[in-house]
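Trainee: Could you take me through one part of this model slowly? I'd like a close look at a single residue and then at what surrounds it.

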Amino acid sequence: MKLNLPGESEFTGRALLWKRTLAFAIDLLVLNFLVLAPFGSLLTGLFDGKDFLEIYKSINTTPEIVDKISIVSLFASFMVIFYFLLFEIKFGQSIGKKLMNLYVKGIEKDATLWQHIARNIVFI
């Protein structure tokens, strides 16, 4: 006897806000360990043992420190964008989205490279 059961259905639409927020928080934790912590140690060496006022004065009086901070911040931003682009293009989801069972889709089909870039440009 063969049963005529309906196939598995799949909902395609906007994800719930709490799921997207939690997925983003998970991604931020992953990025903190992979990207921001190593670069943070580079910057902490510049300001060891100084309070806020001393750090502020040294930033205002030493252009080399500003240059280092700018370069590290820009490189870290590109690493964050690369993280999201790599996972979303290769797998359709980042680590946080994978854990929350969310996918990145384009308007009519899979998202293009430019759509992924536009989604992630806010991290610069």
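Mentor: Let's start with a term we'll need: a polar contact is a pair of N or O atoms within 3.5 Å, and within protein one of them must be able to donate a hydrogen and the other to accept it. Keep in mind, too, that this is a predicted model.

Now to Gln93, which sits in the loop between α3 and α4. Is Gln93 buried or exposed? Gln93 is buried: its relative accessible area is 6%, and the cut-off for that label is under 20%. A polar atom of the Gln93 side chain lies 2.6 Å from the backbone oxygen of Leu102. If you skip the neighbours within four places in sequence, Gln93 is in contact with Phe87, Glu88, Lys98, Leu102 and Tyr103.

Follow that list past Gln93 and you get to α4, which covers residues 95–99. Leu99 belongs to this helix, and at 59% relative accessibility Leu99 counts as exposed, since the line for that is drawn at over 50%. Leu99 also has a partner far off along the chain: Lys19 is 80 residues away in sequence, yet the two C-alpha atoms are 9.8 Å apart in space.

Next comes the loop between α4 and α5, where you'll find Asn101. Asn101 is exposed, with a relative accessible area of 52%. Its phi is near 60°, a positive value in a residue other than glycine.

What about the helices around all this? α1 runs over residues 17–44 and spans only 35 Å between its end C-alpha atoms, whereas a straight helix of 28 residues would span 40 Å. There's a bend in α1 of about 50° at Asn32. The buried residues of α1 are Ala23, Ile26, Asp27, Val30, Leu31, Val35 and Phe39, and they pack against α3 and α4.

α3, covering 63–91, has another partner in α5, which covers 113–120. Two packed helices are described by the angle between their axes and the distance between the axes. For α3 and α5, the axes come within 10 Å and cross at roughly 145°, and the crossing is right-handed. On the α3 side, the contact is made by Ile81, Phe84, Leu85, Glu88 and Ile89; α5 brings Leu113, His116, Ile117, Arg119 and Asn120. Glu88 is worth a second glance: it is one of the α3 residues in that contact, and Glu88 is also in contact with Gln93, the residue we began with.

Conventions:
Residues numbered from 1 in each chain as written. Predicted model: local features only at pLDDT ≥ 70, side-chain atom pairs only at ≥ 80, totals over all residues. Heavy atoms only, no water. Helix = DSSP H or I, 4+ residues; strand = E, 2+ residues; numbered from the N terminus. Buried < 20%, exposed > 50% of the residue type's maximum accessible area, 1.4 Å probe, protein only. Expected span 1.5 Å × (residues − 1). Bend = angle between axes of the 7 residues up to and from the residue. Contact = heavy atoms within 4.5 Å. Axes fitted to C-alpha atoms, helices over the stretch in contact; angles between N-to-C directions. Left-handed = near helix turned anticlockwise from the far one by under 90°.
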